[in-house]
Amino acid sequence: MTTTESVTDEKSFHVKEKPHCIKEDIETSTGEDTDENVVLENERDIATHVISVDDDPNLNPWTFRAFFVGLGLSAFGGSLAQIYYFKPASFGLTLQQTILVSLMFLGIISYVIGLAMETFIPRHGLLRYLNPGPFNKKENAFVIIMASAAANSALGTEVLAVQRLYYNIVPNTGSSIILLFSSQLLGYGIGGLMRGILLYPSKMLYPVVLPLLSMLDAFYHDGIKARRKLTVFYLVFTAIFIWEIFPEWIFPLLTGLSIFCLAAPNNATVSRVFGGSNGNEGLGLLSLCFDWQYISGGLNPMSIPLKAQLSSFIGYLLCMVVFVAVFYNNIWESQNFPFLAQLLFYENGTVYNQTLIMDSNYEVDPALVAAQGLPFYAGTWVVNLLTTNLALGATFTHLLLWNKNDLRAAWTWITMDTLRSWRANFDWKFWKHSGKREVTANTGDLDPHYREMLKYPDAPNSWYFLTFVISFILGLVVIYKTDSTLPWWGFIIAVLLAVVSILFFTALYAITGISLSIQTLVQMIAGYLHKGQPMANMFFVLYSYNAVSQAMLLLSDLKIAQYAKLPPRAAFTAQIIGTLLGAVLNYELMDSIIDNQREILLSVQGTNIWSGQQPQAYNSQAIAWGGLARELFSSGQRYQWVPLSYVIGLVVPLPFWIIHRYWPKLRMDYYYTPIICAYLGTLCVGINSSCLSYFAVAFLSQWWLRTRYPRWFKEYNYLVGAALDGGTQVMIFILSFAVQGAAGTSHLFPEWWGADQNGNYDHCLYL
């Protein structure tokens, strides 16, 4: 597919200003040590100055060692991701509400393992397959992509968890695995077909992967410097590995240290506003968190650009104001319910029994609803739903205003000439495709990294199309085999919705590094399409929202391959293997954790170790939207502003764009309105004591270190962040099985002042 590259800035605006005027933009990050004062004005400059464009086509990623390490890390990452799914939420820039396995950790640990194998394994006999020579950059990238594809909790396990926890349905293992395979690969097929728009151009920067690639460049370009950096990595890794034993087991008060909670341990208002060490406790205002698991739970604060951090910080501050105002003004009868909760409630505050309003086909019966009454949400959760829709609406307008030229290519192929050409050249023998790509005469307009990739056979569109077709067919089969109640036409609409959403929301992610969830929007649409069918709602979301998430993952990993010059077919192979292995491990871990922690997962607050907040939220949304959408969200009903906020969100970016157009010196282009809107509801769930520490680390890294000590920042900032993530996540994996009950009985540390096992760890009132 031919693509054109926009020469505009991500806000379509460039002004030649003095360096001090824009010193704190991410675009001013410097490239080489000898050129520290050069301002990098656009994405192309960043991609070519921060990351090496050079390629050595002699490096071979197709080694037994690469597969061996990749499969091992995939098993580790897939298991850890599912454990994190059942842990309390952490504040972070992804807004996905669960802790993630760090990409930089996967990069570092794969390098360390590969280097160890290179150093200590003999190169003769059968062992030569484990050590064919120096561990090269392309092997490392291959391992990272395979492990990254596996290290995600498949949304299909959320559907299966809800069925087990709330419907007492246990689908057979075969159907469950096919469900996971089809839902995980569907987005891969769609996203792969959009590579020409969302991957190849320089505009699609994917800033989240830049730290990883800059680290790999450092490791493989200078051996002496790499050894020095590894020494720093080992020290930080070891220190945080030992340290995490304290906040995670021995001294959990360190998860959230609040002077206000210690001063007023019996005050409910103090608990709601200043508490935050336990799941769904409070807003964590001015609490200090010393647990890196929660500080860096969403995304590492040392890696996200300052511009995005500023928008999220504004949203975070406004979120606290809005939550307190809604609760203490008793809007939506908020004071009848817990301050933070994801469940449905009766008006008197008791948990809503959903089984009493459904018939034997798992459909909502209006007569039973009339007898039980309509359910209620906690007020803060309503705010979260409302602001999520605001953010989704703002995303479309924001991208159309600031990035319309970049998205135009998505529709240029819809011409009769193009369609006739595709039909004439179509060859169903996909396995015979050579993968050779035509190189245009004027390659200067191509992204430099993409230009280097043209020498390798491509993973052709037919491969991705086949992935899509197989996943589509399996999806159609499984929705009937698992009694999903989702009809075939609903499944097709879900897929079409995913196609449109992938274009817009992946573009936002590629440009800013921040992903927004379309789950609420999808549930709203499904609720009006399939009235009274909460189970159908869950499956509709699975095959639309999850397809978007998987497309983002695929394209982000393919960007790693493009920057690292990993041949496209190697990247495709790594992604498919990692995804399938990760899905199987996700299922096994989900099965074990639900068996051993069922009561905690069903409770409102959970603990600081295990939480059912994810399946609780997914289930309550399915009941409310899938079963009672018209009764709760239509015009004139209790939560009518939730769907209306989507329309309002379409207008939110307009004032910023107009002000910037006429008064550019006010720098309204510095603010991302979708991110501000999304963070207005970000404290609705989980452990919030980490927020102050998160932003402190973020501004220390992305402003103070970057502007005051740029050389240190470039050499060690991302490396230290990766070591902190790595040491933490290895210790969490060990503790989860050793003492926290991932595979059996938990063994809490004996109770003392720093480990209040019968209340909130920060000593705030347990409500």
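**Notebook: cavities, a disulfide and a helix pair**

I started with empty space and found five cavities of 30 Å³ or more in the structure. Note to self: this is a predicted model.

I picked the second largest cavity for a closer look, and its volume comes out at about 120 Å³. I counted 15 lining residues, and L199, Y200, M453, L558 and P568 are the ones closest to the centre. By class, I get eleven nonpolar, one polar and three charged residues in that lining.

Which helices each supply at least two residues of this lining? I have α19 (448–453), α24 (545–564) and α25 (568–602) down for that. Of the elements around the second largest cavity, α24 gives the most, with three residues.

Next entry: disulfides. I searched the whole structure and got one hit. The partners are C261 and C764, with their sulfur atoms 1.9 Å apart. I checked the torsion about the S-S bond too: at -80°, the link of C261 and C764 is left-handed. I then looked up where the two cysteines sit: C261 is in helix α11 (residues 259–263) and C764 is in the segment after α31, so the pair ties together parts 503 residues apart in sequence.

Last entry: α30 against α31. For a packed pair of helices I want two things, the angle between the axes and the distance between them. Helix α30 covers residues 691–708 and helix α31 residues 710–738; I have them packing at about 130°, axes 5 Å apart. I therefore wrote α30 and α31 down as oblique to each other.

Who makes the contact between α30 and α31? On the α30 side I listed S701, Q702, L705, R706, T707 and R708. On the α31 side I listed P710, W712, F713, N717 and Y718. Sorting the residues of this α30 and α31 contact gave me five nonpolar, four polar and two charged.

Terms used
Residues numbered from 1 in each chain as written. Predicted model: local features only at pLDDT ≥ 70, side-chain atom pairs only at ≥ 80, totals over all residues. Heavy atoms only, no water. Axes fitted to C-alpha atoms, helices over the stretch in contact; angles between N-to-C directions. Helix = DSSP H or I, 4+ residues; strand = E, 2+ residues; numbered from the N terminus. Parallel < 35°, antiparallel > 145°, perpendicular 65-115°, else oblique. Contact = heavy atoms within 4.5 Å. Nonpolar A, V, L, I, M, F, W, Y, C, P; charged D, E, K, R; others polar. 1 Å grid on protein atoms, 1.4 Å probe; cavity = no way out; pocket = protein on both sides within 12 Å on 5 of 7 lines; lining within 4 Å. Points joined across faces, edges and corners; volume = space filled by probe spheres on them. Disulfide = S-S within 2.5 Å.
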